[in-house]
Amino acid sequence: MAIVKLRPHLAGLLTGVALGAASFAVQAADTIKVGVLHSLSGTMAISETTLKDTVLMMVDEQNKKGGLLGKKLEAVVVDPASNWPLFAEKARELLAKDKVDVVFGCWTSVSRKSVLPVFEELNGLLFYPVQYEGEESSKNVFYTGAAPNQQAIPAVDYLMNDLEVERWVLAGTDYVYPRTTNKILEAYLKAKGVAADDIMINYTPFGHSDWQSIVSDIKKFGSAGKKTAVVSTINGDANVPFYKELANQQISAEDIPVVAFSVGEEELAGLDTGPLVGHLAAWNYFMSIDTPANEAAIANWHAFIKNDERTFNDPMEATVIGFNLWAKAVEKAKTTEVDKVSDAIIGLEVPNLTGGTAKMLANHHLTKPVFIGEIRDDGQLDVVWQTEGEVPGDAWSDFLDGSKDIEADWVTLKCGNYNTKTKKCSGQNY
Amino acid sequence: MTARLHRPPGRTVAHLMLWCWALLLASGLQVAAAQAPGDTHHAEQVAQLATAGFGEKERIVDALLEARHPQTRMLLAAFLDGRLASRKSDGKVFITEDADDGVALVDPVDASAAGTAKSSALRKIGTNNRLRKKLKGAIALFDLDDADAGVRLAAVDEMLRELDATTVSALRTRLGVEDSARVRRALEVGLALADLSSPDAEVRLAAVGTLEGELGTAVYNRLKTLERDEPDARVRDAALSGLRHIDQWRRFYGGVETLFFGLSLGSVLVLAAIGLAITFGVMGVINMAHGELMMIGAYTAYVMQLLLPQHTTLAVLLAVPAAFLVSGLVGVGIERGIVRFLYGRPLETLLATFGLSLILQQAVRSIFSPLNRSVATPEFMSGSWQINEVFSLTWNRLYIVIFALLVFALLQLVLNKTSLGLKVRAVSQNREMARALGVRSARVDAMTFGLGAGVAGVAGVALSQLTNVGPNLGQSYIVDSFMVVVFGGVGNLWGTLIGGMSLGVVNKLLEPWSGAVMAKILVLVFLILFIQRRPRGLFPHKGRAAEGH
């Protein structure tokens, strides 16, 4: 696999920050190094490249404001090439060789799981910006994307209460995030009194393209006289043929709405949105939300990337929030030392782009607003429902056996998985 | 089904009204007096849409329906299509129509043209699912009196989704004047469904009788509840026999549907594999970049669409020969540049072409960006062919089955009836002898490889209609393609056809029972066992390549 290093390019970028000679005088030791660990090639490049650019934009902006603690920020970009073991190697390279002060990175859960031991061994600091399945809280990781109770559960509540859905199809790609999320959702639905007969669970391989039988099954499942909805954790590429097949078999969003957790503005930009109009997506951010902060962020992004057509999405907002929180924590701690920054960041608040504030909790998760949007024909989403105020992220789901008794608290308990029944920290670091 | 937009009959009425209005003005009367009282009410309601929330909008739709202004249908249809907008400068509501220079505005009260505007100066009045459902129902009420029987039928079907007092009385009124037999039947079904809730057992029994022979979901579900809750034994029995009848047909059509799904998956496999059947099967070259040749074909379809943005159908049709040429030329290039130096060294060919496939992928990422590109589906390939209430075939799949068979037939013709085909077969059977007889084997090799590559490009165009056009398109099909060729028998096109189709059907038969992931695994296991028994596949090739030369 090709491993591309972009550092020379970045050095050029930094000099362009218009600080003239000053930036040349700054030596490596005098800069704060920000590691970027996102795939720039391979299957995940489609999603992760944008996050790399987002971090570069934030670094650039921070430097324009004069950097942090009187030092310039320097981005160190590596390419783990959508290759999970390579993520661990690159993480080690960033922490041990480049000695970065903080890392922003990872998208898939498996890549996060692969770098986790490295960050814990070398005591690094990772900001993870993507919605995920929960069931984790590491001392060295801050999760700025949604936990299941900040995306999946509110979406199901919306379907149940507002659209009066009684039958449920949980469709997902066959890997850890959909499996865990669906396990949580199944337990939640059953707790709400939904019969096992009214839940259909289906898994498909990555990049599945032949949806005929599955969509036909969904159609049959949905024609039993009860309002039916599909909760989709289908990943990336498989979505296009899925929605196309839905449209071709003439299942409209009014009959059987599909609420997706992995389809956002960036993904929609690459599709023919015709068949998707009216279907739903649940996120903590939408580009279409009309607030001054959002408008400014989008304008910044367009100026930075030099393309007005580019979209802004949820994981990008999570990256922005994560970066701002880290910068604030560094200023508060007056150092970039991992332990001190980790302590300082808990309880800090920064504004969301869509209004309200994101507060870092003791379990290393954020408070987030939850929005349900309907897909429009231009690839943007209209908010049709939102939670009142922010929902605090819950690392360990309250609906799964074996996880509901576990708590994460890095302030009082100093533990990421404290069992409230046995009163013990399991001893694992995560 | 979205309700099609028909020129509302109200349009002519509106023109008449305009004239009246002008006349009245001319005669010196007050403008306010000239406007029908309905107009003011209509205009008021419409104006409120600009700022209303979704709940408020539903109420406005109700109020508009109540008043039945001549422009109501046009307004609701525009609302449903997302063509209703308010002007940012003054908040006035207009119906929008696409025009060459921005957006043409139409006044929603008198249907007159109201100039044009830039789309950035307008704010779209949004709908959500609930509202769209309501709008469809509301438009159906209007369409019930449409001149076109097809529109009326669609309207009745729409109304059957949710029967209430208003819709039932509308259906009853229509039945009195309806002359089309099909629409009459649909109306009777609707009324019978409503009659099932009657307190009179005789009426219910008669209604069940009327519903006999119907296969629709609404009927099925209604009978199902009847069978459960009905106090009268006769009605219950009638419902039960009706259910049995529907179940029987559903099972039958379910089987037919699975078979079709299998054939359609099979035809995708055949399309993907048939190019490989030539390069790998006939020439014995393990070409790992085969998938990328399909990807190039798919991107050709995308580029074609960029060149002809207004003609989706034409772009797709032209993309077929274009993709054949582009992929074919790339194929000839690969053969001349790489493969020909590696004949007889399969492992090196494999590694070299694998490397090439990575290079091609990254090249596409650099040229077109790593994001997927969308290729629009032409009108004639979207939607489905509704054969009856429980059975329909999707057009895109149907066309691709036909397309795969066409490509296969053409390729057979080329190989069996043309001089190129003769030479290809000669070289593949005995290269030395062919050369001795004056066949320029190097040229034939390049042409054969180009032909296989070109066919892969054509397959790519078909795939662009089914799935993503992205740098990874080819990767997901390369293993399947080799699978089909090996199963069918190396060097035999018929083997590829039968092999692909049977793998497709087996996969689809297994899928409902084992799930998509397991089905794939089972097919692979079956294939390995099969190859153990018959190492040369379904139709072993008798020729030089097959002798293990």
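Helices and strands here are DSSP runs, numbered from the N terminus. All views below come from a predicted model.

**View 1. E135(A) sits in a loop of chain A with a positive phi.**
The loop runs between strand 4 (126-128) and strand 5 (141-143) of chain A. E135(A) is not a glycine, yet its phi is positive, at about 60°. Most residues other than glycine have a negative phi. The relative accessibility of E135(A) is 18%, so this residue counts as buried. The cut-off for buried is under 20%.

**View 2. K334(A) also has a positive phi, of about 60°.**
K334(A) is not a glycine either. Its place is the loop between helix 12 (314-333) and helix 13 (338-345) of chain A. With 66% relative accessibility, K334(A) counts as exposed. The cut-off for exposed is over 50%.

**View 3. Strand 6 and strand 7 of chain A pair in the parallel sense.**
Strand 6 covers residues 167-173, and six bridges join it to strand 7 of chain A. Strand 7 spans residues 199-204. G172(A) stands opposite Y203(A), which belongs to strand 7. Helix 7 (residues 176-191) of chain A joins the two strands in a right-handed β-α-β unit. Strand 7 is mostly covered, with five of its six residues buried.

**View 4. Strands 17, 18 and 19 of chain A form an open sheet.**
The order is 17-18-19, and the pairing is antiparallel. Strand 17 (406-409) and strand 19 (424-425) are the edge strands, and each pairs on one side only. Three bridges join strand 17 to strand 18 (residues 415-419). E407(A) has Y418(A) of strand 18 as its bridge partner.

**View 5. A salt bridge joins K220(A) to E257(B).**
The distance is 3.5 Å, N to O. K220(A) lies in helix 8 (residues 212-222) of chain A and E257(B) in helix 12 of chain B, so the pair joins two chains. K220(A) counts as partly exposed, at 47% relative accessibility. E257(B) counts as buried, at 10% relative accessibility. Over all chains, the structure holds 41 salt bridges.

**View 6. Two salt bridges of chain B: E178(B) with R174(B), and R185(B) with E214(B).**
The side chains of E178(B) and R174(B) meet at 2.9 Å, N to O. Both E178(B) and R174(B) are buried. In the second pair, the closest N and O atoms of R185(B) and E214(B) are 3.1 Å apart. This pair links distant parts of the chain, 29 residues apart. R185(B) is in helix 9 (residues 181-195) of chain B. E214(B) is in the loop between helix 10 (201-210) and helix 11 (217-229) of chain B. R185(B) has a relative accessible area of 27% and is partly exposed. E214(B) has a relative accessible area of 14% and is buried. Elsewhere, salt bridges that share partners join D210(A), E245(A), R397(B), K508(B) and E511(B) into one network.

**View 7. Q465(B) lies buried in a loop of chain B.**
The loop runs between helix 19 and helix 20 of chain B. Q465(B) has 2% relative accessibility, so it counts as buried. Leaving out residues up to four places away in sequence, Q465(B) touches K244(A) of chain A. In chain B, Q465(B) touches V316(B), V375(B), A376(B), T377(B), P378(B), M381(B) and N396(B).

**View 8. Helix 20 of chain B is largely enclosed by the rest of the structure.**
Helix 20 covers residues 475-488. Its 14 residues should span 20 Å at 1.5 Å a residue, and its end C-alpha atoms are 21 Å apart, which agrees. Ten of the 14 residues are buried. Among them are Y477(B), I478(B), D480(B), F482(B) and F487(B). The cover over the buried residues includes helix 12 (233-282), helix 13 (290-307) and helix 19 (441-464) of chain B. Helix 21 (493-514) and helix 22 (516-533) of chain B are also part of that cover. Just after helix 20, G489(B) takes a positive phi of about 110°.

**View 9. Chain B is divided into three domains.**
Domain 1 covers 38-128 and domain 2 covers 144-231. Domain 3 is made of 257-383 + 392-546. The C-alpha centres of domain 1 and domain 3 of chain B lie 51 Å apart.

Notes. Residues numbered from 1 in each chain as written. Chains lettered and ligands numbered in written order. Predicted model: local features only at pLDDT ≥ 70, side-chain atom pairs only at ≥ 80, totals over all residues. Heavy atoms only, no water. Helix = DSSP H or I, 4+ residues; strand = E, 2+ residues; numbered from the N terminus. Expected span 1.5 Å × (residues − 1). Buried < 20%, exposed > 50% of the residue type's maximum accessible area, 1.4 Å probe, protein only. Contact = heavy atoms within 4.5 Å. Domains from an automatic or database assignment. Salt bridge = Lys/Arg side-chain N within 4 Å of Asp/Glu carboxyl O. Pairing = 2+ DSSP bridges. Right-handed = clockwise from strand over helix to strand, strands pointing away.
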